[in-house]
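I opened this notebook to keep track of what I looked up, beginning with the aromatic rings and then turning to a pair of helices.

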Amino acid sequence: MPRTSLPPEDRSLSPYTGWTRAHWEAAADRLLTAALRHAGPGHALIALPGPRPSWSGPRSDALEGYARTFLLAALRVAGADGQDPLRLLDRYAEGLAAGTRSPTGERELTGRDPVAWPAVTDRGQAMVEAASVALALRLTRPWLWDRLPARTRTRAADWLAGALRHTPVDNNWWLFQVTVGGFLAETGHHTEAAERAVVQGLARIEQWHLGGGWYTDGRPRAFDHYNGWAFHLYPVLHAHLADDRRLLDRYGTRLAAHLGQYAHTFGGDGAPLHQGRSLIYRFASLAAPWAGALTGHTPLSPGTTRRLASGTLRHFLDHGAVDDDGLLTLGWFGPCPPLVQPYSGPASPYWASKGFLGLLLPPGHSVWTAVEEPAPAERGDAVVPVRGAGWLIQSTAADGLVRVHNHGSDNQPADEVLPDDPLYARLAYSTATWPAFEGAADNHFALLAGGEASERGPIVPLGTGCGWAASAHRPRIKGAELPGVGVTSLVLAAGAEEVHAHLVTGAVTGTGVRHTGWAVAGSAVETAVTGGGARVRVTGSALVSEAVALHGLDAAATEPVTAGTAFGPAAAVPVLTGTVTGEDCLFVSAVRLSRSGTGALPAARVAVEAAPVGHRLRVRWPDGSRCEALIRADEVTVASDED
């Protein structure tokens, strides 16, 4: 988005980003203006251009274009107390009337109403879009819904009610029924079914709350950004709009606990964590921080909330997330096909509209008037355990990098084992790197057999604490477990330093192992191997990825990531290798990711010694602090100076 199209920066009020509420309003207006150019007859369908349709088909994709931009328009108008100089609500009211005249299924469209919306079906995409339409109508009710003819309201309510009668996907989709039900109950349509849907949906998600404000998305351990832009957003916003203090106490308390950790996952440059599916939603990651400010359930100060939010929105708009026509692309910065799931179509990125939730806060609210304060990643080096998710967040203030060590999220279903998903199964993710989708897996420990590298499969968390996280898994090759083989993994972290230990039990002597570090990308890649260390340096990005063999590993190399990553066409990953020498074999390495470009190899001092049962690691960090860990098969104990 050209900076010339935005108001002048205000570095007095916003010393970190320069952005004020006026910038948010201007950004919303420009996104809406660009999308509305593609509205069809009656404004019921907004068919945005794109490389391919979603698996739901072009008509559903065009409904997405309407529903998701309507949510942005609703936030813009409701936040301005009904002021609508672009006459947005007139267009969306016209579209609502046209789209619900004769809703039908995708296969029945030939010869039918050319602007009809697809009917809501079991696990159909229209259920997702019904939630956005319902929420937008609820937010703008005095200026749109209440002014519609009764017949139009009835038809629209009947279309929305399809979401109450059909089966959602058994994950965050239950909250779409909650959102539709909340609006219909408030307006007196299909009241019994609507109220039942709210109760059932909220009850269903209880089983997925694993503590500390962290939800798994339907599967046993699937943690990602859906925590913020779905599991917290919808219940909290419903409770807020319904003025239900009981619900708000429950879900607001969880939201505040979540934000106390989630806010640490944003980099100093505003980048969210590159982990999990639907990353094309980009700044939808701001929905939870804004919801906390909106309802008062947040540990963040107003100045910190705005600094974090404005930093993230600028991060994308300044780096090409919007194309020359002003449209959000299917990618991260620019288009990135490997990042796009089959359920996404050209309008899917506009779920990012949730990131504008802060516009509901009036101009005089402290979140807009307070001077920006540093984001958590800028306040000092931090290592934050996330016990519910089995994560360890590690951030460094000097370069603003955030790394999340993953010993709890795998996105595996309960009843089968799928191939590792690069967006969930890696040992670590960051705000500045991207997982490799081809070649050697980054941030991964594998056994090597028959020219194949093992996968992690289902993860068993072993604990997360002050400066550490651990897990166990049964390695698999081509979907089959290696008989009798187990891997127990531990990470210790302080400052920018990481020490990784992997205990392999039951493997055949002579089996090869491989531990990889951070994959870094840019316009060109320079690599260097010295002794037991492997370093990858990327020209133009100022990122350095380093790995050093400390125990059990005896060789270092680098491997190219032939397809590159979302950050550049050239990428490489450091690789350490070794060999199993007995029934119980430990492999230890030191790893570091930094922006400095000049740092020496990782400086943690590590001693490994045999224990009566298992292995003991003693680590002295560069600042002089110490920690000690005992690692045994499927069991880890850690003590540090801070305990």
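I began with the aromatic rings of this predicted model, and counting those whose centres lie within 6.5 Å of each other gave me 30 aromatic pairs.

From these I picked out F176 and W351, whose rings lie 6.3 Å apart from centre to centre, with 75° between the planes. I noted the pair as edge-to-face, because planes over 60 degrees apart count as such. I then looked up where the two residues sit, and found F176 in helix α6 (residues 174-187) and W351 in the loop between α11 (302-317) and α12 (366-369). The pair thus links distant parts of the chain, its two members being 175 residues apart. I also checked their exposure, and both F176 and W351 are buried.

I next followed ring pairs that join up into a cluster, and wrote down its members as W24, F283, W290, F316, W332, F333, F356, W368, W434 and F567.

My second topic was the packing of helix α4 (residues 125-139) with helix α8 (residues 226-242), whose axes come within 12 Å and cross at roughly 30°. Because angles under 35 degrees count as roughly parallel, I entered α4 and α8 as roughly parallel to each other. For the handedness of the crossing of α4 and α8 I recorded left-handed.

Which residues make the contact between α4 and α8? On the α4 side I listed L135, R138 and L139, and on the α8 side L237, H238, L241 and A242. Sorting the residues of this contact by character, I had five nonpolar, one polar and one charged.

Conventions. Residues are numbered from 1 along each chain as its sequence is written. This is a predicted model: local features need pLDDT of at least 70, side-chain atom pairs count only at pLDDT 80 or more; totals for chains, interfaces and linings use all residues. Side-chain values use heavy atoms; hydrogens and water are left out. Axes are lines fitted to C-alpha atoms, for helices over the stretch in contact, and angles run from 0 to 180 degrees between N-to-C directions. Helices (H or I, at least four residues) and strands (E, at least two) are DSSP runs, numbered from the N terminus. Angles under 35 degrees count as roughly parallel, over 145 as roughly antiparallel, 65 to 115 as roughly perpendicular and the rest as oblique. A crossing is left-handed if the near helix is turned anticlockwise from the far one by less than a right angle, and right-handed if clockwise. Contact means heavy atoms within 4.5 Å. Ala, Val, Leu, Ile, Met, Phe, Trp, Tyr, Cys and Pro count as nonpolar, Asp, Glu, Lys and Arg as charged, and the others, Gly among them, as polar. Rings of Phe, Tyr and Trp (its six-membered ring) pair if their centres lie within 6.5 Å; planes under 30 degrees apart count as stacked, over 60 as edge-to-face and the rest as tilted. Buried means under 20% relative accessible area, exposed over 50%, partly exposed in between (1.4 Å probe, protein chains only).
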